[in-house]
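Open the model in your viewer and keep the selection tool ready. Each stop below says what to pick and what is there.

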Amino acid sequence: MANRLRPVGLDFIATAPVRLVFAQEISAAPEAVFRALNDDVPGWAEWFAAVTYARSIDDGAGRDIRLKGGGRFRETVIAAKEAELYAYRVDVTNAPGARALAEEWRLTPAGTGTHVRWTFGADGTAPFRWVLKAARPGLGRAFRDAVTSLDRRLTEGR
């Protein structure tokens with residue numbers, strides 16, 4: 001895992017050369033969704049099937065993430081606003097061709113539930129950008145499956 005990426009802020013997500021945006025409404029409340037994203041980092045491996053390992057690092061300021069297929073990411077949380085926003089950038093990864101990556105989870109009330117919008121912003125070599133664009137359908141399915149699983153996890157026993 002030797003590929004150090006360019007540090008980016010929250011503004012990068014809106015201006016990244018590759019932006020993939022996915023959204024879905026779920027029945028869990030925004031506060032519960034935010035807690036799952038921010039406070040229970042190890043829990044990501046239980047509801048996001050692509051994540052095989054997740055742990056909080058640097059007293060919650062960062063994350064260490066591993067994905068199916070061998071992807072590894074050391075991340076810095078760049079925004080955490082209770083029940084509204086959770087965002088992080090990738091600082092170091094083993095993904096070839098990546099130059100900058102950041103993800104944003106926006107939560108807005110939808111009745112008694114939550115409208116979840118996940119934006120993936122990236123920059124990299126031309127082949128890296130092409131692969132990400134080609135992966136859009138699979139990333140969309142992964143997002144929908146993950147958010148559905150998270151909703152089940154958060155609403156069981158209500």
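**Stop 1: Aspartate 151**

Select aspartate 151 and alanine 28: the aspartate side chain reaches the backbone nitrogen of alanine 28 at 2.8 Å. Remember as you look that this is a predicted model.

Now add serine 27. Its side chain makes a polar contact of 3.1 Å with the side chain of aspartate 151. Show the contacts of aspartate 151, leaving out residues up to four places away in sequence: Ile26, Ser27 and Ala28 appear.

Colour by secondary structure. Aspartate 151 lies in helix 5, residues 136-155. Is aspartate 151 buried or exposed? Its relative accessible area is 13%, so aspartate 151 is buried, the cut-off being under 20%.

**Stop 2: Glutamate 104**

Move to strand 7, residues 98-110, and pick glutamate 104 there. At 6% relative accessibility, glutamate 104 is buried too.

Which side chain does the side chain of glutamate 104 join in a polar contact? Select arginine 106: the two side chains are joined at 3.4 Å.

Next, show what glutamate 104 contacts beyond its neighbours within four places in sequence. Leu10 and Ile13 are in the set. So are Leu85, Tyr86 and Ala87. Arg117, Trp118 and Thr119 complete the list.

**Stop 3: Leucine 107**

Stay in strand 7 and select leucine 107. Leucine 107 is buried, with a relative accessible area of 3%.

Display its contacts, again not counting residues up to four places away in sequence. Pro30, Val33, Phe34 and Leu37 are among them. Leucine 107 also touches Ala83 and Glu84, as well as Thr114, His115 and Val116.

Now draw a distance from the C-alpha atom of leucine 107 to that of aspartate 40. The two residues are 67 apart along the chain, and the separation is 16 Å.

**Stop 4: The largest pocket**

Turn on a surface and find the largest pocket, with a volume of about 640 Å³. To centre the view, select Leu67, Phe73, Glu103, Phe120 and Leu139, which lie nearest the pocket centre among its 29 lining residues.

Which elements give two or more residues to this lining? Strand 4 (62-67), strand 5 (72-81), strand 6 (85-93), strand 7 and strand 8 (113-124) do, along with helix 4 (126-134) and helix 5. Helix 4 gives the most, with four residues.

Finally, colour the lining by residue type. Expect 22 nonpolar, three polar and four charged residues.

How values were computed
Residues are numbered from 1 along each chain as its sequence is written. This is a predicted model: local features need pLDDT of at least 70, side-chain atom pairs count only at pLDDT 80 or more; totals for chains, interfaces and linings use all residues. Side-chain values use heavy atoms; hydrogens and water are left out. Buried means under 20% relative accessible area, exposed over 50%, partly exposed in between (1.4 Å probe, protein chains only). A polar contact is a pair of N or O atoms within 3.5 Å; within protein, one must be able to donate a hydrogen and the other to accept it, and residues adjacent in sequence count only if both atoms are side-chain atoms. Contact means heavy atoms within 4.5 Å. On a 1 Å grid over the protein atoms alone, a cavity is a set of points where a 1.4 Å probe fits but cannot get out, and a pocket is an open set with protein on both sides within 12 Å along at least five of seven lines; lining residues have an atom within 4 Å of a point. Grid points are joined across faces, edges and corners, and a volume is the space filled by probe spheres set on the points. Ala, Val, Leu, Ile, Met, Phe, Trp, Tyr, Cys and Pro count as nonpolar, Asp, Glu, Lys and Arg as charged, and the others, Gly among them, as polar.
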